[in-house]
Amino acid sequence: MIIDYSSYNTWQDCPAKWYEKYINKRQRRWPKAQRSDALCLGALVHSGLQVWQESHVVAIPDQAIEEFTPDMETRNLALELIYGYARRYPQELWPLGKCEEPVLFPLIIGGVYGTKEVGRLEGLAKIDRYFYVPEPSQIDTGVPGQSMILNPGFWIHEYKTKSPYIPISLYMQSWDMNMQATFQCMALSHKLKGEPVQGVLINVLEKPRKYIPKRKCKGCKETQEFATYIPTGTGEYACPSCGTRQVLQPLKLDTPTVPPEYYRFPVTRTREDLERWKPQIIQVGQQMIQMAEQGLDSVPWTTKNCVDFKWNSACDYFGHHRNGISTKEDQELMDVPEYRGLVEIQ
Ligand code: SF4
């Protein structure tokens, strides 16, 4: 069994979701074109930044465009973010090393663990770039008046796109307990055969803040986006919630847009942190092994996550699980691609 941050996170969301994605290997079929979701944007930015790191050209590879099929707005936004990053950081502070493959690292070799006999369990993390800091070094975080120190040792270089509506201080705090950094530090530590890995330098590309005009309905008193009101052809607009008709204050021309912001901050993981979190990963891995053997219904499902109000959507497997239908034959879903290019580093 291989456990990576994504599968660990999916398990925490709901074990049934993990089973569908990693054992039944079924996932949502993305539309062939016109994607504008956060995953698509993140993937384009990631691909473009790899090109930037390798050849100092701002471009998104054709292969990524074909694979993720963005709409024009998402493609342009990705280019805007990459271009801004290239201007903000024309040179990296330290030479970046490259991991060509996702890195496997051992968690349980197999045999008896505690009182149970268990199979082999391995961790996996994708690390695109890493670098070595020879001496304590101060970096500018991008937050006015705030700099931070990177301690000597190896650091992982990670890019993240972020909504402008999440405060940067809260975003930084969220990384203190984020398991992606833990998986990555465990993997790099293993790859470097115990060399000190200090943590992850998160490079944040914050999306531009666009002005979204809103109007309050005089009937239900809800505030709705202007674009969701329904024109009636009489000069009045109908509220999308209650249907009350009213004349809306016209839109202003030249609405303000705040350009992208760029931040950098270190997320540290000590050896003690890694040792402390390793048993948690192993415990989840053991539960995964058990569920893989015993089936979808063998572990309680986390039904409070069936509908996500943050994204205003239901889980991809909602209909199947609500009605007891198998996901295997559903043409609306597709097979999850295998992990690509796995190489074990001894
Ligand atoms: S629909 Fe609900 S129970 Fe089923 S996988 Fe999704 S979150 Fe879990």
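This passage walks through a predicted model of a protein chain with a ligand, from confidence and domains to sheets and the ligand shell.

A few ground rules come first. Residues are numbered from 1 along each chain, following its sequence as written. Because the model is predicted, local features need pLDDT of at least 70 and side-chain atom pairs count only at pLDDT 80 or more, while totals for chains, interfaces and linings use all residues.

So how confident is the predictor? The score here is pLDDT, the predictor's confidence in each residue, from 0 to 100. For the protein chain pLDDT averages 89, and 93% of the residues score at least 70. Among the chain's elements, β12 has the highest mean pLDDT, 96, and strand β5 (residues 111-113) has the lowest, 60. (Helices are DSSP runs of H or I with at least four residues, strands are DSSP runs of E with at least two, and both are numbered from the N terminus.) Over residues 340-346, pLDDT stays under 50, and the model has 10 contacts for this stretch beyond four places in sequence; a contact is two residues whose C-beta atoms, placed from the backbone, lie within 7 Å. Where pLDDT is low, the predicted coordinates should not be read in detail.

On to the overall layout. The chain is assigned two pieces, domain 1 (2-210 + 257-326) and domain 2 (214-246), with bounds that come from an automatic or database domain assignment. Taken over C-alpha atoms, the centres of domain 1 and domain 2 are 40 Å apart.

Next, the sheets. Strands count as paired if DSSP finds at least two bridges between them. One open sheet has 5 strands in the order β3-β8-β11-β12-β20, with mixed pairing. Its edges are β3 (96-98) and β20 (261-268), each of which pairs on one side only. From one strand to the next, the twist averages 30°. At the β3 edge, 3 bridges tie β3 to the antiparallel strand β8 (residues 129-133), and K98 sits opposite R129 in β8.

Two helices lie across this sheet. Helix α3 (residues 38-55) crosses β3, β8, β11 (153-162) and β12 (197-206), at about 135° to β11. Helix α7 (residues 179-191) crosses β8, β11, β12 and β20, running at about 135° to β12. For these angles, axes are lines fitted to C-alpha atoms, for helices over the stretch in contact, and the values run from 0 to 180 degrees between N-to-C directions.

There is also a hairpin, made by β9 and β10 with 6 residues between them; in its turn, G142 has a positive phi of about 95°. Strand β9 (residues 137-140) and strand β10 (residues 147-150) run antiparallel and share 4 bridges. I139 has M148 as its bridge partner, while D140 stands opposite S147.

Another open sheet has 3 strands in the order β16-β17-β18, with antiparallel pairing. β16 (230-231) and β18 (245-246) are its edge strands. Strand β17 (residues 237-238) pairs with β18 over 2 bridges, and Y237 faces Q246 in β18.

Finally, which residues are around the ligand? They are C14, A16, K17, W301, T302, T303, N305, C306, C315, Y317, F318 and H321; a residue counts as near if its C-beta atom, placed from the backbone, lies within 6 Å. Both α2 (15-23) and α9 (318-323) supply at least two residues of this shell. By class, the shell has 7 nonpolar, 4 polar and 1 charged residues. (Ala, Val, Leu, Ile, Met, Phe, Trp, Tyr, Cys and Pro count as nonpolar, Asp, Glu, Lys and Arg as charged, and the others, Gly among them, as polar.)
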